[in-house]
Amino acid sequence: MIRTGDEYRESIRDGREVWVDGERVKDVADHPMFKPIVDVRARIYDLAHDEATQDAMTYVDPESGERNAIANKLPRTQQDWLDKRAAVDLVLEDTRGVVTRVGDETIGEMWSLFDGQDVLNEVDPRFSENIRRHLDRSVREDPFHVSANTDPKGDRSKAPQDQDPDMLLHVVKETDNGIVVRGAKYETAAAYSNQAFTKPTIANWGNSELSDYAVGFVLDMGAPGLKYISRNGFAGRGPSADYPLANRVDEVESLVVFDNVEIPWEDVLFYRHTRAATFIRSTLHRYSAFPFVQRTLHLADLMIGSALWNVKQSGLEKQQAVQEKLAQLACYRETINAHLTAAISLAEPSPGGLLMPNQSLLYTGRVMALSQLPAMMHIARELCGGQICITPDAATFADPDVAPWLEKFYSINDDWVADDRRKLLAFARDLLNSDYAGHRLTFQLFAQSPPFAQLAAVYRNFDFDGPLGLVKAAAGLSDNVDGGAA
């Protein structure tokens, strides 16, 4: 049964060691740096109980009769994907911003392991049992599930054994109860989550000598030995009236330090198995890329809305040059939408019997969405104009000594008065021109692996046989060109 928002808040008050701004956090659910985004996560749980949104966020399990989160349901049909897309849209519209750790993206990474149970069974059948049990638990209990992927890595020209071995997370010993691991991971929302799928990063770990680094497990985020060293968040740096996004939807990343953390055997998904580690790295985003790209679609909508309102309030929306830029933003948005829609329309059966989005279309859509994002933000910034970087703050607009002047110069007509213009410009600044905006852009570009890895995913999943066969026939090439293969 899905928890309420208050039950989620209580679940992270478990004495975990969280550090930010040089101080240990006493209550992560109530700390001003974390509270806004914790409240967003709590709101997602509450949406599952609200009569107006319950049917969009949940489904009734026919066997148990319990309501479960649509986000965690294993996708077996196109309708499952349509339901998931609708649930994510509802959350993003409700939060009025972009939230990455809705929960669906990271649980999707474990669906790839569900597809790879035959690989896991090569080492120990318990590992396959573990993945099925954890997925079942996630469906029934809906913990706030995140990922744990990127290590510090250290000197990337060296193998781990040639430097501090803790630069990549690794197993240091076995116990009767499980394995003990050391190292560190970076992860969004780690400090206020319940569990994480922890797995190898993209690095030089994949040979027999480094098999202690080829490990994957489900991590209890309240486990002894974990330390969360968080970046300084954007919430509270300035008033919400001036930074409406930074104060509402900033998701705080942490360096998660594993100081000899014991992982029970029932939580281990693979260990000393480089093939399993390679499999999960190559299929990690088989499902999770879909909600990630979907959120970029929402970001495109925010940019279009901000840009269009800005040109409308200044009377420039009928100029051809302005319309051309708006059309470019619309083309960007619809390119993302088309790839998402087609990926589900042409979905493919997975090796484990699930339904996965068309891999070539999904990964191509991700590349198009992320590679063009900086240019699209620049176009939106051009349409919003220079006032997003020079407009005074809300407190100045409220000051009785200067308010009349700002009212005079920021009001355009009866429809566009100074207060609405200030709100619009503040929102556009936070979306496109603030510290939060810069962070959001970099996060989008690298959060699901660096650009070269995203292109590699397209290369691995595109069907090159079709174009090769077409040109071979059209040019009249002999069978010699491909060694006699048809």
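How many buried residues does α19 have among its eleven residues? The count is one, so α19 is hardly covered (buried means under 20% relative accessible area, exposed over 50%, partly exposed in between, with a 1.4 Å probe and protein chains only). Helices here are DSSP runs of H or I with at least four residues, strands are E runs of at least two, and both are numbered from the N terminus.

A word on the ground rules. This is a predicted model, where local features need pLDDT of at least 70, side-chain atom pairs count only at pLDDT 80 or more, and totals for chains, interfaces and linings use all residues. Residues are numbered from 1 along each chain as its sequence is written, and side-chain values use heavy atoms, with hydrogens and water left out.

Back to α19, which spans residues 465–475 and holds Leu468. Leu468 counts as exposed because its relative accessibility is 58%. Together with Tyr459, Phe462 and Phe464, Leu468 makes a nonpolar surface patch of about 460 Å². Right after α19 comes Gly476, with a positive phi near 70°.

The UniProt record (an unreviewed entry) puts "domain: HpaB/PvcC/4-BUDH C-terminal" at residues 278–475; such annotations may be inferred rather than shown by experiment. That stretch is 73% helix and 2% strand, with its end C-alpha atoms 39 Å apart.

Two other helix residues are worth a look, and here they are side by side.

| Residue | Helix | Relative accessibility | C-alpha partner and distance |
|---|---|---|---|
| Thr274 | α9 (residues 274–283) | 24%, partly exposed | Thr53, 43 Å |
| Ala456 | α18 (residues 451–461) | 28%, partly exposed | Tyr363, 9.4 Å |

Along the chain, Thr274 and Thr53 are 221 residues apart, while Ala456 and Tyr363 are 93 residues apart.

Then there's the largest pocket, with a volume of about 790 Å³. Of its 39 lining residues, Asn149, Thr150, Lys153, Thr201 and Phe446 are the closest to its centre. A pocket is an open set of points on a 1 Å grid over the protein atoms alone, where a 1.4 Å probe fits and protein lies on both sides within 12 Å along at least five of seven lines; lining residues have an atom within 4 Å of a point.

Which element gives the largest share of that lining? It's α17, with four residues. At least two lining residues each come from α5 (104–115), β7 (178–188), β10 (226–230), β11 (253–264) and α17 (435–446).

Technical notes: Patch = residues over 30% accessible without salt bridge, like charges linked within 9 Å, V, L, I, M, F, W, Y side chains within 5 Å. Areas by Shrake-Rupley, 256 points an atom, 1.4 Å probe, with all protein chains shown as cover. Salt bridge = Lys/Arg side-chain N within 4 Å of Asp/Glu carboxyl O. Points joined across faces, edges and corners; volume = space filled by probe spheres on them.
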